[in-house]
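Student: I've got a model open and I'd like to learn how to read it. Can we go through it together?

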Amino acid sequence: MVHPVSDPRAPAHPLTEAQAGLWYAQRLDPANPLFNTGQSIEFTGPLDRDAFAAALAQAVTEADALALRLVDDPAGPYQVVDPASRPMLEVIDLSGEVDPPAAAQAAISRDMATPVDPTRDRLAAERLFVLGPQHHIWQQRIHHLAIDGYGMILLTQRVAELYTARLRARTPGAPAPGIAAAFVEDATYRASDRRAKDGAYWRARFADRPEAASLTAGVPASAHAFHRHVVEIDAEAFARLRARAERTSIPWPDIVTALSAAYVQRHTQTPEVIVGVPFMARLGSAAARVPAMLMNVLALRVTVPSGVPLDDFLDAVAGSLVRARRHGRYRSEQLRRDLRLVGGNRRLHGPLINLLPFDETPRFEGLTSRLDVLSTGPVEDITFAFRLHGADGLRLEVDANPALYDIAAVEAHARRLAHFIAAASAAARLDDVPTATPAEAERHLVNLNATDHPVPDTTLAALIGEGLVATPDAPALRFGGTTLDYAGLEARSRALAEQLVAAGIGADERVVVALPRSFELVVALIAVLRAGAAYLPLDLAQPDARLSRILASATPRFVLARAQDAHRFTGKAEVLAPEDWRTVPVGEPLPVPRPEDAAYVIYTSGSTGEPKGVVIEHRAIVNRLLWMRAHYGFGPRDRILQKTPATFDVSVWEFFLPFLAGACLVIAPPEAHRDPQELARILREETITTAHFVPSMLAAFLAEPSAQGLVLARVFCSGEELPADLRDRFHRTLKAELHNLYGPTEAAVDVSFWPAGPEDRSTPVPIGFPVWNTRLYVLDEAGRPQPPDVPGHLFLGGVQLARGYLGRPDLTRERFRPDPFRPGERVYATGDLALWRADGAVVFLGRSDHQIKIRGLRVELGEIEAAVMASGRVRQAGIVAREDRGTKRIVAYLVPAPGLEPGMDLAALKADLASRLPDYMVPAAFVGLDALPVTANGKLDRAALPAPDFAGTGSRAPDTPTERQLAALFAAQLAIDGPIAAEDDFFALGGDSLHAVALLLQVRERWGRDPGLGALFAQSTVEGFARLIEAEGDVDAGLGPLVTLAQGDPGRPPLFVIHPAGGLSWCYGRLARALTPRRTVYGLQAPALAAGVATPESLEALARDYVARIRRLQPRGPCHLLGWSVGGILAQAMAVRLREDAAEVGVVALLDSYPCDVWRGEPDPGEDGAVKALLAIAGHDPDRLPALALNRAAVRAFLRATDSPLGRLPEAALDGVVRVVAGNNALVRGHFHRRYDGVLTHFRAALDHQGRDLSPELWAPYAAQIDVIDVPSLHAHLTGPEATARVAPVLARALAQADSREKVACATAV
Amino acid sequence: MAIEPADIRRIIVPAAPITRERMRADIARMLHEDPEAIGGDDSLMDLGLDSMRAMNLVLAWSEGGLELEFAEFAETPTLDGWWALIHAKQAARGAPGV
């Protein structure tokens, strides 16, 4: 087939397989200049310019690849060799410049940053910069479609050969074969059996592949530039590697590849890694000498076993490389298609490891040459290139995608890998090779942990005792509106302490405290400490069985509890109820505990099924409290809220810090810690300065309207990860410092701190830096210190470590181990995964074991499993915390005991568990199985466990529109697939407070009403909550003329978005929620959606109606307007109208709208068109549904069947949409624009309107200025996720600018 | 005339001639085979030679100062093909072509 080209006789060649992948990648990202490869060679010496020009001209004439021109044809791309496209040498004289080398570098950088269109531009450029008589730079830039790295070397060497031959007047060698050789090779291989066999090899090799991981967690997207850092491999190390190569008969480049893969594995910490190995694909090819694009990337699976000799590992990798190369012609792009790994973030391999074991420096007669490789093609992730230079130098060049790595990270990897290879060169086993460089290890283990700080060697009892007498008249406690002063607290706690001492209590003995929040609770805790004993808080809400186990292990001498709860302790310990406490001290001296005596014992969930009692000594908690007092500057003016249950160790600082600072402790009423409204009231009325929240509760609290605008000195978070968006929401809602603390019960509450202030942009929010006298280690599986940014196991050391677990030396030994870096000291293995950032802050990443957190409370899945097994109903159980589509829940997988059915009585089992476990530990779902799936090595195969069916237990299908929509919201929020019944309960289905907050937000968006969190807790079934929603007003099913799409800061003027053709503005929901800072967004919807409302007489009349509506909400302006398609036309008309009313207009944004003039000439699409539009609104391409009859009934049935949200609309409403589409078509055709004397911000769908003359400039007659933003999207996708990600930030910026203009204008007016 | 940097290696490294038998032995060692197992026109790729090992061989043979181009070797991966290349280069340098 011959296509019309400039030389009509030039034959057309299809793209080779090697070119095809690059072609499509470049077409997808036409502005990316990295598809150009390039190098520059600096010549020092007398360059014969004429000889050079002649040599280059000849080499270029021989190299057909440089003359390729690409043609994009509907039948597929093809290429021709077009002599007119050959590059000509461009000579650029910079010798007159002030700094010629700098001028040349700038010109080269500019050129390399310019994208090339392979269908229009020349693929290659050859430029010679003259810097001086003895100084030249030759730059080559060739598109990757035409050449690969080795082809570039061949071309360069050919130029050198021709130049040298000319100077010596000798005959040069024969030229390489023409590019036809490469085309023939490609065609032959494509049709060969060998390709089929190669493909089968790769598919089999990768059938059970692990997920490809890399050095960062980010998703690679093609960037337009890359970072580079170059280091030299130590010469002695390289010599050792070559000696090893000699000894093992493994080529040294394969050794370096294997070691680099092992380095990658140290970072992914997966058993196996997949790296990419560039392969030149030239050995045995007739095209071996042709400058062309032939190279391939081989995906190499590398397993890194521990404990084996290094040579064995190298041998295994070398073997894999030989096998991979044997099948190396098979394109990796094709393998990706075979494995369905195309698109998105699906990758075949992680980092690239590129070995170039030959000296690439060309030899030009009489010249010294220095080669600089500028670009070797797009850098998806990170590339480690090892280039030989001179006879025995090895250089490591690290190129990385700036979207995934900053330059500091690239430098760190270059240094670290060079060190890793050097260390490995002398090692017998990889296990002996550290990952971190000595400098990184020193910084990590020593510098970042240099926390030594003098702390008095005293006890909590002594410190409290001193505090209580320092300011006798100051308020010490507030509860329920009454106050107890320091003198009163001193007297009551001393009296009770005396009573306990008189009863014979002594050091290290336990006294249970099981009281609700009250004065008595605080008096009891202090009294136990002052009596020299350790307090043991217990929650009476837990089942008797668990309480008994704890009491049996803790053997307390006394219990301080209310008389009505005394029966829970019958026969286990003596109960002292507050009525029996002494209140007046007799003045006997109190014992003086030692710093190493126990201060308290707190029980946490244990993996064996037994709760574990953590024993904290005075010295440990004194360090923690004195650090906190000094670090945050607590003083007598502070009012600290006590709302954390005493069984949760966060309560320890709440209870005692006030008395070390002369501050006042305000005790929240029992149960108030779960009630956001009540908390907001206390914070405000009691002028609290300091409060603690578990992050999930903080999220619920921030959603509470009465919490808005509260002012505190500081809020502390701990117990769970603090999400970055919650931090940001916090600062938008409250005025207070926010601090993120971290620590397990085993290390005296908290061991690290991070100020999460409004300026903090960290994602995730770190747990920060160690407190006084504390060390944080992040170690790998083998106990080696990790370099920065690499996950590892978090270990804690220092003065705050617990003594251990009460009565469990076995468990204590398991968790508290010798400090590997400080002989004689201990570390605690937290079981948490963490990393330390380059700035030294530690980031929490999750758990390494089966412990999870529910509402900040630690849960060991083993304890649940033990309880399930103890029920006797189950033969085998697997308890997992599953995260299904973002929702984390405990699920029990059960194999019933013999004789019981798989569908055993789950209700009975659940009741049984509720009697053994606290409520937060009872699984949310139970799944009966015939057998638990296991992996090859016999472990529970978590991946093979079916997702639980969270469908509820009710039977009545949701009936009313509100119920149906609410059930759909429940399902979406909780990620439930099955049907939801009207009686189903949101919380029983697995919802928690976070889900509830999100649900309420959606309810507010859908119905414009907010019944509140409390209402949802009270009425948590579909039918109940639907009734509440309906009770708040008429249900409009979201079809009313004004809907609230997002609720934001009331201080910011709202954005009004105007519906497109269909009359509905739900399509803007995503955009509305994506605006930061959040702003209220109202959607205007066509009134004619309602049956019986006539289509307006003109678009102008409709705009007038909308202006009236928005001015009722925003009488003063400024009014921000946005519309898509027809909505944009309406927005412009509304802006004109608002100006006439002298109202302030803010941003007027058009999402790919064009003036009516464009549409006037086109025929009205009629009802067919309207029905098509309806399908388009639902996200279907009507032209791809040819079998569907285009009438309302058929389309309605189709929408219902495809589960479109539109299908859930009542029939009348669907008819309304069709009617509105038809009406809008007519309105647009009859509308004549007036000029708006302001700016239109136009978001153009840049990928659309092929072959149509639609341009934003068409608006020029109707606006004073048009700002155009190109969005790489189709018109129909402009409110989709990708386009929204582009539109939202630009729009948010424009809105913010308009708002500040408005403020300035007001200020000037005043 | 001054010595050009590119010439230095050629001057200081004595050119030890490469023989066909040395080539055969070097290839055999790479493949863990006996030299006799390698026929003159056997495809070295079929015998298991990969590009990195081939490149290593070419680098080793060029250590005596011969200017060898891997791409030429890649075109004809047989012992005879490679010997022809080496022989021609050595002849051009005036080395004894044994």
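Student: What covers the buried residues of H2(B)?

Tutor: The cover includes H3 and helix H5 (79–92) of chain B. Helices here are DSSP runs of H or I, at least four residues, and strands are E runs of at least two, numbered from the N terminus. Mind that this is a predicted model: local features need pLDDT of at least 70, side-chain atom pairs count only at pLDDT 80 or more, and totals for chains, interfaces and linings use all residues. Residues are numbered from 1 along each chain as its sequence is written, with chains lettered from A and ligands numbered from 1 in the order in which they are written.

Student: Which residues of H2(B) are buried?

Tutor: Buried means 20 or more other C-beta atoms within 10 Å of a residue's own (exposed: 12 or fewer; partly exposed: in between), with C-beta atoms placed from the backbone. In H2(B), that goes for B:Arg24, B:Ile27 and B:Met30. They sit on the same side of H2(B), because their arc around the axis is only 125°, taken from the directions from the helix axis to the C-beta atoms.

Student: And how many residues does each chain bring to the contact?

Tutor: Contact means C-beta atoms, placed from the backbone, within 7 Å. Chain B brings 21 residues and chain A 22. On the chain B side, H3(B) gives the largest share, 7 residues.

Student: Is E2(A) buried or exposed?

Tutor: 7 of the 9 residues of strand E2 (residues 36–44) of chain A are buried, so the strand is largely enclosed by the rest of the structure.

Key. Two residues are in contact if their C-beta atoms, placed from the backbone, lie within 7 Å.
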